Amino acid sequence: MNRLRKNTACRSCQRNGRITCRRTRQGDLCLKTGPGECAEMLKRARAAFLSGRTANECFRLAQLDAVMRLVFEHECDFVDALRRDLHKPRFETVVSELILVKNEALYAINNLRKWMEPQSVERNLSTALDDCMVVSEPLGTVLIIGSWTNPVQLCLVPLIGAIAAGNCVVINPSEHCAHTAELLHRLLPSYLDNECYHVVLAGTNDLSEMVELKFDHVFFSGTREEGTKVSLAAARCLTPVTLVLSGKNPCYVDQMCDINTTARRIAWARFHNGGQSPASPDYVLCHADMKERLLQALRCALLIFYGSDPRESRSYGRLVNAENFSRVRDLLWRSGKVVMGGQVNEAEKYVAPTLLSDVSETDPVMHQEYFGPILPVLTVESVDEAITFINKRDKPLCVYAYSSNSKVISRLMNETSSGSFCSNDSVLQSLMPCLPFGGVGQSGMGSFHGRYSFDIFSHKKSCLLRGTRIECLTYLRYPPYDDRNLSLMTWASSLTQKSQGWCQIL
C-alpha cells in the first residue's frame with residue numbers, strides 16, 4: 001500500500017511546479033482545487049484502475065481497514081473540525097458520524113467475500129449444461145460529492161461502498177464545512193492508496209465542470225437545486241448518478257401513542273445537528289384534539305434537552321453559514337405562529353429550537369427547501385386526511401408515523417411513497433448498514449449503505465459460460481432456415497413455458 005509522506009504541497013501541484021493547494025497544519029485551510037488539478041487526479045485514478053490493483057480482495061480489505069483506523073485514530077480531530085464548522089457536540093459527532101463510518105467499514109469487511117462472489121442464476125432446458133451467473137464488476141473511477149449536513153459520513157460511507165466494489169475514487173467534501181473538508185484532504189492520503197483515492201476541494205460553482213470530466217459514476221448528496229445541476233451535467237456525458245436529496249419529511253402522530261415518548265423522539269430527531277439533518281422530520285401532522293398536548297410535551301422535551309436558554313447549551317449546534325441562517329430566519333418570520341423559541345443571533349448563526357403553530361399549507365416553511373431548527377405542527381381530522389396530505393406533495397426522503405395501532409402504521413407505510421419509512425422513531429432507519437437509504441422521485445434516485453453501496457458502485461455483468469457439446473441441438477438456429485427446424489424450436493419452447501419459463505433451444 002502506498003503511503004504519502006507528510007509534505008507541504010499536494011503531489012499533482014509539485015509535479016507541475018506550482019503550489020496551489022497546500023498541505024497545512026490542522027486548522028489551516030487549504031485553497032480550492034482547480035479543474036486542472038481535478039483532471040490530473042482523475043487521470044491518475046484511471047491509470048491505477050486499469051492496472052488492476054483494486055480488483056484484488058486483499059487490497060480492498062486493506063483499504064477498508066485503513067478507513068477504520070483513520071476514524072479511530074483521529075476522533076478528536078474530527079470532533080474539533082465539526083465543532084468549528086457546525087458547533088456540533090462531541091456526542092453527536094461520535095454517534096452520528098464516526099460510529100456510523102466504523103460500522104459501515106466493519107460490515108463491508110465482514111461481508112466482502114460474499115458480495116464479490118458470482119451469483120448463480122436458475123437454469124432451464126437451454127442452459128442445463130452451461131454456467132449462468134451474474135458477476136459484480138467495478139465501474140471504474142467514481143466521484144463522491146459530500147453534503148455539509150453530515151460532512152464526514154456522507155463522504156466516507158459512500159467511499160466504503162466504492163472501495164468494497166473495487167473502484168478508484170475522487171472525493172469532494174462540502175466547502176461549507178471548511179475545517180472538516182481540510183481534515184479529510186489532509187488525512188486520507190496518509191491512509192489510503194495515493195493513486196487510487198484522491199480528495200479535491202472544489203467549490204459549488206465548479207461541480208458541473210468537474211462532473212463533465214466523465215467519471216464512471218457520480219454519487220451526490222445535498223440540496224435539490226445543486227442535485228439538479230449535477231444531474232444535468234452528468235446527463236450531458238451519459239454519466240450515471242446516485243442522488244440523495246432533501247425533501248419535506250412528514251411525521252404523523254396518531255391519537256393512540258405514548259405522547260411523551262413520541263415528543264422526545266421527534267424533538268431529538270428534528271433538533272439534533274442544529275436541525276440540519278436531511279432525514280429529520282420537517283413537519284408534524286396530528287389530530288386537532290391532541291395538538292395542545294403534543295405541543296406541551298415537545299416544550300417539556302426541549303427544556304430537558306437544552307435548558308431554558310439553548311444558546312448556552314453545549315448540546316445544541318449552530319447553522320452552517322450566514323446564508324443558511326438568513327434563509328431560516330426569513331422563513332421563521334413569515335410562517336405560522338411561534339409557540340416556543342424563535343430567538344436568533346446573527347453573529348453566532350444561532351436560531352433557537354422553534355415550534356410553530358397555526359401553519360398553513362401555503363406558508364413558505366411548508367414548501368421552500370431549508371435546513372434549520374423549525375418544527376411546524378399542523379392538524380388533520382383523520383389518518384385518511386394525513387395520507388392525502390402527504391401524497392399530494394412531492395415524494396419525501398422519509399415518512400414517520402407514531403402510533404400504538406399496527407393498522408395505522410401499516411396504512412402509512414403502504415399508502416404513501418417515500419425513500420424510507422420508520423414507525424415510532426425517527427432518523428434511525430438512515431443509519432443502519434443493513435438497510436438501504438435514498439430517495440425516490442424528487443427526493444433522489446438510488447440508495448446506499450452496506451450491500452446497497454456495493455451494488456450502486458458495481459456493474460452487474462451477466463455471464464454465460466458455454467461449451468461446444470450441444471451443437472447437435474444448436475444447429476437448428478443456423479441458416480438456411482426451414483419450417484421443420486422452426487417447428488422443433490417452437491415445440492421445445494412450448495414445453496419449457498409450462499415448466500421452467502420461456503426458453504428456446506439455441
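Is L332 buried or exposed? Select L332 and show its surface: at 4% relative accessibility this leucine counts as buried, although, since this is a predicted model, every value in the tour is computed from predicted coordinates.

**The whole chain**

Before staying with single residues, zoom out to the protein chain, whose secondary structure comes to 18 helices and 20 strands. The radius of gyration is 26 Å, close to the 23 Å that the globule rule gives for 506 residues, so the chain is as compact as a globular protein of that length. If you align the view with the principal axes, the C-alpha atoms fill a box of roughly 85 × 65 × 40 Å.

Next, colour the chain by relative accessibility, and you should find that buried residues make up 55% of the 506 residues. The accessible surface comes to about 22200 Å², and 53% of that area belongs to carbon and sulfur atoms. If you then draw the contacts with a sequence separation of 6 or more, residues 24 or more positions apart account for 71% of them. For a view of charge, mark the 57 positive and 53 negative charges of the chain, whose mean positions are 5 Å apart.

**The nonpolar cores**

Now select L159, V253, V284 and L298, which touch the most other members among the 88 residues of the largest nonpolar core. Helix α6, residues 153-164, gives this core its largest share, nine residues. Another core, of 27 residues, lies apart from it, and its members include L378, V383, A386 and V399.

Centre the view on V284 and, leaving aside its neighbours within four places in sequence, display the residues in contact with it: C251, V253, I266, L294, L375, P376, V377 and L378. V253 in that list is one of the residues that touch the most other members of the largest core, whereas L378 is a member of the other core.

**Helix α11 and helix α12**

From V284, move to helix α11, residues 291-306, and select K291 in it. This lysine is buried, with a relative accessible area of 13%, because the cut-off for buried is under 20%. Not counting residues up to four places away in sequence, K291 touches C286, S357, D358, V377 and T379; of these, V377 is also in contact with V284.

Return then to L332, which lies in helix α12, residues 322-333. With residues up to four places away in sequence left out, L332 touches V338, G342, V344, V351, T354, L356 and I374. For a distance to draw in the viewer, take L332 and L375, which are 43 residues apart in sequence and 10.0 Å apart in space, C-alpha to C-alpha.

**Helix α3 and helix α7**

Select L61 in helix α3, residues 57-73. At 24% relative accessibility, L61 counts as partly exposed, and, once neighbours within four places in sequence are set aside, this leucine is in contact with I109 and L112. A line drawn from L61 to L207 joins residues that are 146 positions apart in sequence and 30 Å apart in space, C-alpha to C-alpha.

In helix α7, residues 178-191, pick E182. This glutamate is buried, with a relative accessible area of 2%. E182 and E97 are 85 residues apart in sequence, and their C-alpha atoms are 17 Å apart in space.

**Backbone stops in the loops**

The last stops concern backbone geometry, for which the general background is that most residues other than glycine have a negative phi, and most peptide bonds are trans.

Select L238, in the loop between α9 (224-236) and β7 (241-245), where phi is positive at about 55° although the residue is not a glycine. L238 is exposed, with a relative accessible area of 77%.

Go on to N424, in the loop between β16 (420-423) and β17 (437-438). Its phi is near 60°, again a positive value in a residue other than glycine, and N424 is partly exposed, with a relative accessible area of 26%.

Finish at P480, in the loop between α17 (471-474) and α18 (483-499). Show the backbone atoms here and look at the peptide bond from P479 to P480, which is cis, with omega near 0°.

Notes:
Residues numbered from 1 in each chain as written. Predicted model: local features only at pLDDT ≥ 70, side-chain atom pairs only at ≥ 80, totals over all residues. Heavy atoms only, no water. Helix = DSSP H or I, 4+ residues; strand = E, 2+ residues; numbered from the N terminus. Rg over C-alpha atoms; globule rule 2.2 N^0.38 Å. Buried < 20%, exposed > 50% of the residue type's maximum accessible area, 1.4 Å probe, protein only. Contact = heavy atoms within 4.5 Å. Areas by Shrake-Rupley, 256 points an atom, 1.4 Å probe, with all protein chains shown as cover. Lys, Arg positive; Asp, Glu negative; His and termini not counted. Charge placed at Lys NZ, Arg CZ, Asp CG, Glu CD. Core = buried A, V, L, I, M, F, W, Y, C linked by side-chain atoms within 4.5 Å.
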